[in-house]
Amino acid sequence: MNMPRGDVFFRALAMPCRLPAPVDFFARPAHLFSMAVDVVRGDGAPMGSTGTFHLKRVYAPPAAEDGVRVLVDGLWPRGLSKDKAKVDLWLKEIAPSTALRQWFNHDPERWDAFRRKYAQELKDSAALDELRKLVKRGRVTLLFAARDERYNNAVVLEQLLRSRR
């Protein structure tokens with residue numbers, strides 16, 4: 001069927017698909033991934049092949065392009081209901097230890113030491129391996145609650161994921 005590339009709406013309607021019941025983010029057929037990417041990005045690349053991720057505050061409203069939303073903090077964000085957060089997976093195990101988190105206290109002067117110590121904590125982490133697998137499968141949004149968007153554990157995770165793909 002030849003349709004114009006920009007006619008995403010009609011192409012999505014013409015695509016035969018069945019949704020599994022219940023819907024499982026990790027077991028969706030490949031054609032659903034490509035349909036979602038066409039609608040969101042319009043570039044036609046299958047979501048599963050790109051393996052992209054980005055960072056976002058958990059307090060920001062969820063968006064269709066978020067993909068799988070993964071909370072990477074050890075504590076649930078204050079004042080945010082689970083319904084409003086729309087978190088698909090809460091990886092508490094990937095958060096820094098309580099002692100390290102309290103020592104760091106989002107102090108920019110301790111940033112380099114925090115990065116090293118946190119990376120050391122994650123050295124043989126099964127949770128980090130699980131996160132890497134999620135990123136390979138499709139678009140992932142790493143959610144964090146910290147006000148400081150430059151100095152937090154999600155930034156360290158982003159750097160680790162980019163360096164060891």
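## A tour that starts at L131

Select L131 first: leaving out residues up to four places away in sequence, L131 touches V70, L91, I94, V140, L142 and L161. Keep in mind as you click around that this is a predicted model.

**The main core.** Now widen the selection from L131. The largest nonpolar core holds 28 residues, and those with the most contacts inside it are V70, I94, Y118, L131, V140, L142 and L157. To see where this core comes from, colour the elements that each give two or more residues to it: β2 (68–71), α5 (98–104), α6 (111–121), α7 (126–137), β4 (140–144) and α8 (153–163). Which element gives the largest share of this core? Select α8, which supplies six residues. As general background, nonpolar side chains in soluble globular proteins tend to be buried together.

**The second core.** Next, pick V58, A85, L143 and A145, which are among the six residues of a second, separate core.

**The loop at G67.** Move on to G67, in the loop between β1 (53–57) and β2. Is G67 buried or exposed? The answer falls in between: G67 counts as partly exposed because its relative accessibility is 27%, and a residue is called buried only under 20% and exposed only over 50%. Show the surroundings of G67 and, setting aside neighbours within four places in sequence, you will find contacts with D88 and R139. If you draw a distance from the C-alpha atom of G67 to that of T52, 15 residues apart along the chain, it should read 9.4 Å.

**Two positive phi angles.** Select K86, in the loop between α4 (82–85) and β3 (89–90). Phi of K86 is near 55°, a positive value in a residue other than glycine. With a relative accessible area of 48%, K86 is partly exposed. Then jump to N105, in the loop between α5 and α6. N105 is not glycine either, and its phi is positive too, near 50°. N105 counts as exposed because its relative accessibility is 59%, above the 50% cut-off.

**Zooming out.** Finish with the whole chain in cartoon view, where you can count eight helices and four strands. Read from the N terminus, the elements run α-α-α-β-β-α-β-α-α-α-β-α. Of the 165 residues in the chain, 36% are buried. Switch on a contact map and look at pairs at least 6 apart in sequence: 59% of those contacts join residues at least 24 apart. Last, turn on the surface: the chain exposes about 10100 Å², with carbon and sulfur atoms supplying 53% of it.

How values were computed
Residues numbered from 1 in each chain as written. Predicted model: local features only at pLDDT ≥ 70, side-chain atom pairs only at ≥ 80, totals over all residues. Heavy atoms only, no water. Core = buried A, V, L, I, M, F, W, Y, C linked by side-chain atoms within 4.5 Å. Buried < 20%, exposed > 50% of the residue type's maximum accessible area, 1.4 Å probe, protein only. Contact = heavy atoms within 4.5 Å. Areas by Shrake-Rupley, 256 points an atom, 1.4 Å probe, with all protein chains shown as cover.
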